[in-house]
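Dear colleague,

I am passing on the structure we spoke of, and I would be glad if you could look it over alongside the notes underneath.

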Amino acid sequence: MAEAQIKAWHEYKHDILLLENGVASSAEALGCPVNYYDDKAPTVVAPIIHNYKDVDKLKVPDPYNTFPLNELLKATRIVVKEIGDKAFIVGRADQGAFSLASALRGYQNLLMDVALGQDLEKIHKLLSFCNEVIKRYALAQLEMGAHSTSIGDLGTEITSPQIARDFIFPYAKELFSVIHNKKKPAALHMCGNSTPIVADMVATGADIIELDHKTDMQAAKIAARGKAAILGVLDPVMLLKGTLKDVEESAKECIKILGPGGGFILGPGCALPADTPAQNIHMLIECSHKYGHY
Ligand SMILES: [Zn+2]
């Protein structure tokens, strides 16, 4: 991972490096079986919480000696040592509490539990446990020299705004206050159209909110102005399939709406597909230099 990240930085010279290995690392550290592939991020194969009593058997792993967190921390340490004085390094703390709980309990199972309003106390107990796992790992990322850390949690395509308000944002807020105690900034990533929840995302205290292209840019700018920076919001599919002109036009449009007054970081709204053409990424970086100064 370190080698790939450093190679990519030498090729593109982007300002921010986001270090993560998909969203299965914390779940794997807790005992979930995980599949690894040659050309995409690993995925959780099966949940391990079949009954909420199973939560009592779980222990917060020490990220320094639990696979794969220990290997990911090593990658952060290497990248920070090699280029940490030239780029901003974000050591992603894998995923947020609700997303991790979904992996442990099974996405469909947890969403059904929440929808039916059953076992709410036990669900919150699981979420609190997950947040402890994430806190420990997030702090370790900072201890390795990362300039910032971040989480991703389930967006509006999977959860309703009310579910996010009840089960996601309170835990993100608590996590970010721990990061802020270390005087470091934190970022929150959510996929899909975040327009209905963008003000809630800002209210978690996140210093950077990572938004995808489906989010209304004007609404996001109003919600975040003076409170959080917006990272995004280019469509990864456009970056995969679009022409150089498409990339340039989209980047210009984003900068025009989100740039004034500052607080905007130009980038893809979500993970880039592995076969995104290099020339499109070069064009994205070029646009930030060409149109991004004000
Ligand atoms: Zn995303």
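The notes below take up the domains, then the metal site, and last a single histidine.

Please keep in mind that this is a predicted model. The domain assignment divides the chain into domain 1 (2–210) and domain 2, the latter made up of 228–248 + 256–294, and the C-alpha centres of the two domains lie 24 Å apart. To their contact domain 1 brings 13 residues and domain 2 brings 12 residues. Between them the domains bury about 1100 Å², of which 68% falls on carbon and sulfur atoms. As for polar interactions across this interface, the rule finds zero salt bridges, but it does find four residue pairs in polar contact. On the side of domain 1 that touches domain 2, the elements giving two or more residues are α1 (2–12) and β7 (208–210), with β7 supplying the largest share, three residues.

The zinc ion has as its protein donors His189 through NE2 and Cys191 and Cys270 through SG, at 2.0 to 2.1 Å from the ion, and the sequence spacing of these donor residues reads H-x1-C-x78-C. His189 counts as buried because its relative accessibility is 9%, under the 20% limit, whereas Cys191, with a relative accessible area of 32%, is partly exposed.

Finally, His293 sits in the segment after α12 (278–291), and it counts as exposed because its relative accessibility of 64% is over the 50% limit. His293 is 85 residues from Ile208 in sequence, and their C-alpha atoms are 19 Å apart in space.

With best wishes

How values were computed:
Residues are numbered from 1 along each chain as its sequence is written. This is a predicted model: local features need pLDDT of at least 70, side-chain atom pairs count only at pLDDT 80 or more; totals for chains, interfaces and linings use all residues. Side-chain values use heavy atoms; hydrogens and water are left out. Helices (H or I, at least four residues) and strands (E, at least two) are DSSP runs, numbered from the N terminus. Buried means under 20% relative accessible area, exposed over 50%, partly exposed in between (1.4 Å probe, protein chains only). Donors are N, O and S atoms within 2.8 Å of the metal (3.2 Å for Na, K and Ca); water is not among the atoms, so sites may look incomplete. Domain bounds come from an automatic or database domain assignment. Contact means heavy atoms within 4.5 Å. Buried area is the accessible area (1.4 Å probe) that two parts lose on being put together, summed over both. A salt bridge is a side-chain nitrogen of Lys or Arg within 4 Å of a carboxyl oxygen of Asp or Glu. A polar contact is a pair of N or O atoms within 3.5 Å; within protein, one must be able to donate a hydrogen and the other to accept it, and residues adjacent in sequence count only if both atoms are side-chain atoms.
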